[in-house]
Each structure stands twice: as structure tokens, then as C-alpha cells.
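Reader: I am new to this structure, and I would like to know how its terms are applied. Could you take me through it?

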Amino acid sequence: MIAEPFQKYRAFPVIDLPDRHWPGRTLTQAPIWCSVDLRDGNQALAVPMNVSQKLEMFDALVKCGFKEIEVGFPSASNTEFAFNRRLIEEKRIPEDVTIQVLVQAREDLIERTIESLMGARRVIIHLYNSTSPAQRRVVFGKSKEEIIGIARQGAQMIKDRLSRLEDTGTEVMLQYSPESFSATELEFAKEISEAVMDVWQPTPERKMILNLPDTVEVAMPNVHADQIEWMCRNIKNRESLVVSLHTHNDRGTGVAATELGLLAGADRVEGTLFGNGERTGNLDIVTVAMNCYMHGISPQLDFSNINHLAEMYHRTTGMTVPPRQPYAGELVFTAFSGSHQDAIKKGLAERAAGTAPEHWDVPYLTIDPSDLGREYREVIRVNSQSGKGGVAWMLESEFGIDLPKDLQREFGPLANDAVDRLGREVSGTELKDMFWHEYVDRRLPWELKHFHADGVDGVFECRASVLLGGAELRITGRGNGPIAAFAAALGQTEAPPFEVIDFKQHALGAGAAASAIAYVQIKSANGQKRWGAGVDTNIELAPVKAVLSALNRLG
Ligand code: KIV
Ligand code: ZN
């Protein structure tokens, strides 16, 4: 990098729009969406999709609820042409879905494009030519007038061929893009767009789409919003236009540019699933749609099974969804940090108890992951950053092990140390194994062989046999319950003196295979406190085993 970047680069000039309206507005409804996955997204792949992959993607887009889908550039290759023909001839396009095709302002390409659309019910023909100073100078070597001439001629060539489609029952909508709009002088963008409008003559009843591409993001999103508001306010016959956005993501602000562009007056948004597209990609429609949703606006798109959609995306494009991708990434609803886990756990418990406010307000979770088909079990995952709350959540949500709060405080740091030593994330099963190793399978030096207790009038007598370092001892004792009787029996052995100070028990699993898990806390004569845990199909034996587990842990 150079020390004085201003010598090589300069800021994008601000737009003169002092009375801009967009900063004070809020979004109240979803825009018209157009997926360009099968065209712009496909164009950006090292290995473009074949026809069957495009068909799978098309069906998935329809299932999400897209009503406008740019299906390709049919004059660009045989695959693209064949795909269009299959969609139309196999009648795969639902009644309420319009396919869109892209074409440059060249007669042979327009001819082929029209051929590819014959027999379709409803189509959008999308004409573009590039308009920015760099494109005019470097690529075309043409003046502004000549560039307008290209657009005008392209528009005319399409208009001249419309009857071929319309006479055979196809409804046609026309779309024009001054490609590289965001780097184009606004007055010129207006002039060239109006030249196309003069040819196509849109009306409020029969609008055309004016797509204003942020082909390469060169400015901050507020500048993009100013450009869109300027166009919406200055272009003639605004009421005859559907103003459309097409943002790319070169500065990483494609979503912001789109949202501000909508505030600035646009009606429609082109983009792709998960932001596939040239260079840093197109706008990620999932993010903008879900941002609407989290503000209570129906996006008119359904992403209820986002994981499934991401798999389809991977299968058809070979691309992957990054783990931190908003809404769809593997980790976006996951908390590893102890304080986050604790807050999420409490927030979800508040909702489960029915005491939460009406509107979603769970710390760290912008939306309910289950709305996207994401599971709560992926919300809290455990690594060395995690605390007792995360450990307890996992044991409870995966295995129904409901540790008493104080035992969570004892086991949390033990588990945390073990995970720290491993230096990686651990699964629920591994955590359970750690708990079993530390508590349930703690059989030395004391182990239970046999236990029986009878009670009369609240006085219990027990007979038990225990192993102490492998040697069997037969013991008896009395107390106001089986646990107290067992503690009394142990009191007559060489076990260190202790008292039982806490106890909890619950079922593990359901039905005939259910067992019980008991948690017992003891306090030794010198004030040491330890928890123990025991598991048995017999609910009387589980707490007795838990007493020995605690005793074995006294150390
Ligand atoms: O990015 C772009 O400008 C395009 C146009 C063809 C609309 O993809
Ligand atoms: Zn594009």
C-alpha cells in the first residue's frame, strides 16, 4: 500500500441534494424482488451451472416465492438458450412467475433472445449498455451521444420485434439498465434513460422497469441513496417507471446501499441468494428480506428452511455460505461466550415461561432461529470461552439432564478446564461423558453393591452392602428417609463424617427405558461441600449412588 493514498485515489463526489428525504423515512413494505442468481450469479461462477442445475435452482427460487427471475442471457450460449426453451416447453414456469432475460443492444443478440422467449406467458426483456465515463472512454471509445445512440437503437430493435411475442400471447415488460449507473454523471444517466423511455413510451398502466445498477460499488451507501432519490425526483414520467436497484458489494455495503436506496424511492430489488455474483458478489437478497422480517415487515419470500436452501446453493453453484453470513451462516445464531450463553438461556426461558414481552426481545438473538428452521440446539455451543450456563444448557437440551444451580457452579469450571485442555469445541455427548466421568462413574473408593430400606411411621431402616477399595462391608442405619438412613449407616464406617445438605432427582428419558438421575450435595465435618450424582433405573438407588459419588469426590 502507498503512504499517501490521496495521490492515487479520491473520494466519490457528494450529490447536491440538500433537501434529501430518504434519511427521515422508514421501510414499511417489501420491494418487488427479482432474483438474478441464474444470470448474474451464474456468470460469476468458475464453472457455470448446467441446465439441470439451473432447473433445480429455478424451482428452489420459485419455492421461496420469487415472482420475477432473471433466468439468463439466452443469446450468450447454447446452454442459456436451451434452458429458456426447457422452462417454456416443459411448462415449468408457474402462472404468477415472470422470467427475465438480459440482452445487449445488438440486433443478432436481440433476435436470438426473442426466439428463446417464444411461447412464454409473461417475460421481462432487459436491455443494458454501459454509461460511466470509464466505460465510455476505455471500453467503447465513444461520446455520450454515441452511447445514447446505442441505447436508443437497442430499444428500437426490441420494440420492432415485440409484436412477434405479443401476437402469440406473451405479455412483455421492458427493462433498461444504464450499466455502471452509480459511476455515471446523474444528468447523463437521466438523459440516456429518458432516451430509452422515448422509444418505449411507458405509461402508468404499462410501466417499464428502470434498473439503476451499482455495478461496481464506488461510494458510501448514503451517496447511492442520494443518486436514487435524485433520479426518482428528476426523471420524467416517474409514475410510468418501476425503479429498480441492482447493487454489487465491492465495498461490502451492498445491503446498506439497497436499504437506503429503497428509502430513497426505489420499488424493486435485484440480487441473489447469499450474495453470489461477480467479484464480491451481488446483493444478498436473503439478508435484506430477513432484515425486513426482523422489523415486522413481511418479506413476501419464504426462507423457512434456510439450511436446505444453502445446501441447494452449494450443490448447484459449488459456492458455500460463509459461517458468519447474516441469517444463513452456520454460526450466526451460536453463542460460545459464557455471558452471551447465559443471557440467551435466560431470554429463551422467559419466553418459555410466557413472561416475555409480546415482541421478540431475546438478548443476542435478532430473530427466533426456529423461524428459519434453525434449531435451538445450535444456539449454544461449548468451547473454552463458554461458561456454566452453556454447559448446563447443552446437558439439559440434549439429554434432559437438569443440573441444580449450585451443581452447575461446581461442574461448569471443571468442564471448562477440560475443554480448555482439549483446545477445541466439544459436543453434547463429550460433555455428558465428562459429567459421567466426574460424578456418575465415580466408584472409588466407595461403591454400592446392594441397598434396601423399609420405613414405618417416617422412620427408615436400611441394610446395604458397599465396597471400600474392593472389600465388602455390610452396614445398617436409621433415619427419617432412605438417604438419611444410608448416611447414618456410613457414619459407622471409616467414611469421613458428613451431612447431606441438598438433594434433587428427576427422570432421564421416558417410558420403560427411563431411569432416574439423583444429585446429592454433602458437607464434611471440616466444611467441604461436594456434589455427587447417581443414575439407576430404580429411583431409590439413584440417590444412594449419588451419596457415594459425593463421598468419593470429597478427596
Ligand atoms: O451489474 C450490472 O450492472 C449488471 C447489469 C447487466 C444490470 O449486472
Ligand atoms: Zn450485476
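Author: In this predicted model, 72 Å separate the centres of domain 1 and domain 3, taken over C-alpha atoms. Local features need pLDDT of at least 70, side-chain atom pairs count only at pLDDT 80 or more, and totals for chains, interfaces and linings use all residues. Residues are numbered from 1 along each chain as written, chains are lettered from A and ligands numbered from 1 in written order, and side-chain values use heavy atoms, without hydrogens and water.

Reader: What makes Asp 40, His 246 and His 248 the protein donors of the zinc ion (ligand 2)?

Author: Donors are N, O and S atoms within 2.8 Å of the metal (3.2 Å for Na, K and Ca), and water is not among the atoms, so sites may look incomplete. Asp 40 (OD), His 246 (NE2) and His 248 (NE2) lie 2.0 to 2.1 Å from the zinc ion, so they count as donors. Of these, Asp 40 belongs to helix H1 (residues 37-43), while His 248 is in the loop between strand S7 (241-247) and helix H9 (254-263), 208 residues apart; helices (H or I, at least four residues) and strands (E, at least two) are DSSP runs, numbered from the N terminus.

Reader: Are Asp 40 and His 248 buried or exposed?

Author: Both Asp 40 and His 248 are buried, which means under 20% relative accessible area, with exposed being over 50% and partly exposed in between (1.4 Å probe, protein chains only).

Reader: Which domains does the assignment give the chain?

Author: It gives domain 1 (33-317), domain 2 (338-415) and domain 3 (446-554), with bounds that come from an automatic or database domain assignment.
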